[in-house]
Amino acid sequence: MTEIVEKGLGRVVAQPSAHVFIRQKFFNRTIDITDADIAAEILRDNETFHLEKTFLTLFHGMFDTGIMGQEGAPWKSRRQMLHVPFRQKSIEDRFRPIMESESARIFNRLALGQSETVNVFSLTEEFTCAVIARGLIESPQIKMDIAGLVKDLQKRPNLSHFAQVILLQQGLPIPFVHRRPRSPDTLSRPSQDVMNFIRKARDEGYDKNDILSDLLKVKNPDGSALTESEIYDQITSLLLAGFFTTQTAIAFAIDEMTKEPAILERAVAEARSDGTQYPLIENVVKESLRLHPPVHGSFRNATKPVSFGALEIKPSDMLRVDIRGIQRNAAYFNEPDKFDPDRFNGPIPKNAYIPFGYGLRSCIGQRLAMQESVHFIVALLKNFDIETTQHFEGERKSIGFMVPRGELKIQVQPV
Ligand code: HEM
């Protein structure tokens, strides 16, 4: 039987099957799912299962018309317009040169410092922010103030959003209200800079090798072009979804890899070989994403009553597909808490490995995230001998996300 890794609020009141736990929370129930097959059923069917209402309300407040805060037909059209920017070819043509130049910039600076102690989480933040920002808007005429933009996004859900979230969390059956939380003139400076840049780009026929140019060309289902506000919403959704997930993924992979001298030694040999494929380093990233998925759960509500065997789901239930719990479930993985990258050389149980989610709403940026992670680790090991002086102390959950606790520090010595 699997352990419940994180019980959260409320006590377990029922266990309809081995890997499903029901907790009572004020007026509603949370159903924790660490069963890979039930999870896949739920995530596959996005007609019956929608994004959980409190998350949708908050994301809608932050991203408005952007992909993350939408359901149904508006979500579908947002998703379709991102297929081209995130297919393999675009990642190779557009993002690979950016990854190469950004890692060279960062590691050249480190090499100048000779032997230095480095905070890995800050370094992976610098890298992932630069990659996604330049992929979104390539032009050197704008330097996106990412910290400012993130602060602005967090301020955007207004009081009515928060009131709604609190009422929904208590299980009160209030309707989901679509409200525009802002008008363009209430945006702070960093957002206004981006919005102004988008407006100017549209007026001047901007066309570069970036996602902004793709978005300037795509059409809404009614044939209209996206407004600058709609483009801004897509860009900020991707910016936020695209950096700190990958920042966390790379940092945890380095943390785990440097705890295992034998694996580190093999990874160094692989990074410094003449090859262009890095199967071990890729497995290091995959295995670290299994143990520490930066998005630890997928949250859903059923739109109608549904049952899976003894599990009866009501529309008021919050469904938590526990990604971390599934990936550490002993029913699917031997020694589930052990870091063992070589397990990916063998078969992985179906649906039990889902760090990027599953189904139509799974992560659109997963190829980019994997390539960025492998690229960063290869470049680090190629250029430096590294020694860890401090490891992370564990994980901490924030709403929907997982971040490290403590700091990971490494000493780098140019090779
Ligand atoms: C290691 C890094 C990453 C992890 C672990 C991750 C994980 C996830 C997961 C689990 C979901 C599905 C959430 C759900 O089912 O509710 C998701 C969705 C999403 N991710 Fe990622 N992600 C990562 C990197 C990225 C990157 C680099 C981008 C884009 C630049 C991105 C963009 C998105 C978007 C737009 C969605 C929403 C998709 C939709 O609603 O259709 N992610 N991500």
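**Close-up views of a predicted model**

**View 1. Leu-136 and its partners in the nonpolar core.** Look past the residues within four places of Leu-136 in sequence, and its contacts are Asp-210, Ile-211, Leu-212, Ile-235, Leu-238 and Leu-239. As everywhere in these views, the model is a predicted one. Leu-136 belongs to the largest nonpolar core, a set of 71 residues. Along with Ala-133, Leu-239, Ala-253 and Ile-377, Leu-136 is listed among those with the most contacts inside that core. Helix α10 is the top contributor here, giving 16 residues to the core.

**View 2. A second core.** Separate from the one above, another core holds 23 residues. Among them you will find Ile-42, Val-295, Phe-333 and Ile-354. As background, nonpolar side chains in soluble globular proteins tend to be buried together.

**View 3. The shell around the ligand.** Here 25 residues surround the ligand, and those that come nearest are Gly-242, Ser-298, Gly-357, Cys-363 and Gly-365. Helices α10 (228-258) and α14 (366-383) each supply at least two residues of this shell. The most come from α10, with 7 residues. Sorted by class, the shell has 15 nonpolar, 8 polar and 2 charged residues.

**View 4. Where α11 meets α14.** Helix α11, residues 261-271, packs against α14 at an angle of about 90 degrees, and the two axes are 8 Å apart. That angle is why α11 counts as roughly perpendicular to α14. From α11 come Ala-267, Val-268 and Ala-271, which meet Val-378, Leu-381 and Lys-382 of α14. By class, this contact has 5 nonpolar residues, 1 charged residue and no polar ones.

Technical notes. Residues are numbered from 1 along each chain as its sequence is written. This is a predicted model: local features need pLDDT of at least 70, side-chain atom pairs count only at pLDDT 80 or more; totals for chains, interfaces and linings use all residues. A residue is near a molecule or strand if its C-beta atom, placed from the backbone, lies within 6 Å of it. Helices (H or I, at least four residues) and strands (E, at least two) are DSSP runs, numbered from the N terminus. Ala, Val, Leu, Ile, Met, Phe, Trp, Tyr, Cys and Pro count as nonpolar, Asp, Glu, Lys and Arg as charged, and the others, Gly among them, as polar. Axes are lines fitted to C-alpha atoms, for helices over the stretch in contact, and angles run from 0 to 180 degrees between N-to-C directions. Angles under 35 degrees count as roughly parallel, over 145 as roughly antiparallel, 65 to 115 as roughly perpendicular and the rest as oblique. Two residues are in contact if their C-beta atoms, placed from the backbone, lie within 7 Å. A nonpolar core is a set of buried Ala, Val, Leu, Ile, Met, Phe, Trp, Tyr and Cys residues joined through C-beta atoms within 7 Å. A residue is buried if 20 or more other C-beta atoms lie within 10 Å of its own, exposed if 12 or fewer, and partly exposed in between; C-beta atoms are placed from the backbone.
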